[in-house]
Structures are given as C-alpha cells and as structure tokens.
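Student: I would like to learn how to read a structure feature by feature. Where should we begin?

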Amino acid sequence: MITKTHHILAKLNEELCEDLNKNKLVRTRAFFEKLTKIKRLIRKCINNNLCSFCGDSVYYLKGNREDHNYGTEYLVSGLCPKCQDEEMKETN
Ligand SMILES: [Zn+2]
C-alpha cells in the first residue's frame, strides 16, 4: 500500500539526489535535515510493516537465515526483500 509517507519519501529522495548532483562537497544544513526526515519516514514504514519503496507489507519468519539477512537490512533501509534485490542489482 503506497501511503502519503511514500510520496513524501520519494520527493525527499529526489531532492537529496539533486542536492548531491549540484554540490558534491558542501553538505548543507538543509541536506542533513532532509536526511533526518527520510530516516524518520523509513522508521514509520518499519513500524507499520511496510516497504519504504513499494509499499508492500513486509513480514519476516524467525529462524530462517535468508530472512534474517533481509530482516537486518530492512531495519536500516525499510526495503522489502524484492526491493533489496533490485537495489543490489543496481549497485553491482
Ligand atoms: Zn518493496
């Protein structure tokens, strides 16, 4: 489920990328404020068991090694396994 939080998150991410492209050296106060906001919104998604990118419901089974890895990453990025795999593809 894509919520208002997701729209704000997407917009903030976009702005942050623009800021980075404009000026790679100077990190402004506004930059860090956006980063803090993004972290807060991701936390909100995690509290609601939602993926911070696609909005899917996220549930992890305990004791499954693969789930454990995804689960650890989920607590950082708020991404569901599907989106984590997509992100890995992009980075590699
Ligand atoms: Zn997702």
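Tutor: With contacts: two residues are in contact if their C-beta atoms, placed from the backbone, lie within 7 Å. In this predicted model, among contacts between residues at least 6 apart in sequence, 58% join residues at least 24 apart.

Student: How many helices and strands does the chain have?

Tutor: The secondary structure comes to 4 helices and 0 strands. Along the sequence the pattern reads α-α-α-α.

Student: What is the mean pLDDT of the chain, and where is confidence lowest and highest?

Tutor: Start with the general caution: where pLDDT is low, the predicted coordinates should not be read in detail. Here the chain has a mean pLDDT of 87, with 88% of its residues at 70 or more. Confidence is lowest in helix 3, at a mean of 85, and highest in helix 2, at 93.

Student: How do I read the burial pattern of a helix?

Tutor: An α-helix has 3.6 residues a turn, so residues three or four places apart point the same way. Take helix 2, where the buried residues are Leu41, Ile42 and Cys45. Seen down the helix axis, these buried residues fall within an arc of 105 degrees, so they line one face of helix 2. The face turned away from that buried side carries exposed residues: Arg29, Phe32, Glu33, Thr36, Lys39, Arg40 and Asn47.

Student: What span does helix 2 reach?

Tutor: Helix 2 has 19 residues and reaches 27 Å from its first C-alpha to its last, close to the 27 Å expected at 1.5 Å a residue.

Student: Which residues make up the largest nonpolar core?

Tutor: That core has 12 residues: Leu9, Leu41, Ile42, Cys45, Leu50, Cys51, Phe53, Val58, Tyr74, Leu79, Cys80 and Cys83. Helix 2 gives the most to this core, with 3 residues. For the chain as a whole, buried residues make up 15% of the 92 residues.

Student: Can we go through one core member in detail? Why does Cys80 count as buried?

Tutor: The cut-off for burial is 20 or more other C-beta atoms within 10 Å. Cys80 has 25 such neighbours, so Cys80 counts as buried. Cys80 lies in the loop between helix 3 and helix 4. Leaving out residues up to four places away in sequence, Cys80 touches Cys51, Cys54, Asp56 and Val58. Cys80 and Ile46 are 34 residues apart in sequence, with 10.0 Å between their C-alpha atoms.

Student: Which residues does Leu50, another name on the core list, touch?

Tutor: With the same neighbours in sequence set aside, Leu50 touches Met1, Cys45, Gly55, Ser57 and Val58.

Student: What should I look for in backbone angles?

Tutor: Most residues other than glycine have a negative phi. Asn49 has a positive value, near 55 degrees. Asn49 comes just after helix 2, in the loop between helix 2 and helix 3. Asn49 is partly exposed, with 13 other C-beta atoms within 10 Å.

Student: Is Leu75 buried or exposed, and where is it found?

Tutor: The cut-off for an exposed residue is 12 or fewer other C-beta atoms within 10 Å. Leu75 has 12, and is therefore exposed. Leu75 is found in helix 3, residues 65–77. Between Leu75 and Arg43, 32 residues apart along the chain, the C-alpha separation is 8.0 Å.

Student: And Asp85: buried or exposed?

Tutor: Asp85 is exposed, because 11 other C-beta atoms lie within 10 Å. Asp85 lies in helix 4, residues 81–91. The C-alpha atoms of Asp85 and Tyr70 are 9.5 Å apart, and the two residues are 15 apart in sequence.

Conventions:
Residues are numbered from 1 along each chain as its sequence is written. This is a predicted model: local features need pLDDT of at least 70, side-chain atom pairs count only at pLDDT 80 or more; totals for chains, interfaces and linings use all residues. Helices (H or I, at least four residues) and strands (E, at least two) are DSSP runs, numbered from the N terminus. A nonpolar core is a set of buried Ala, Val, Leu, Ile, Met, Phe, Trp, Tyr and Cys residues joined through C-beta atoms within 7 Å. The expected span of a helix is 1.5 Å times one less than its number of residues. The arc is that of the directions from the helix axis to the C-beta atoms. pLDDT is the predictor's confidence in each residue, from 0 to 100.
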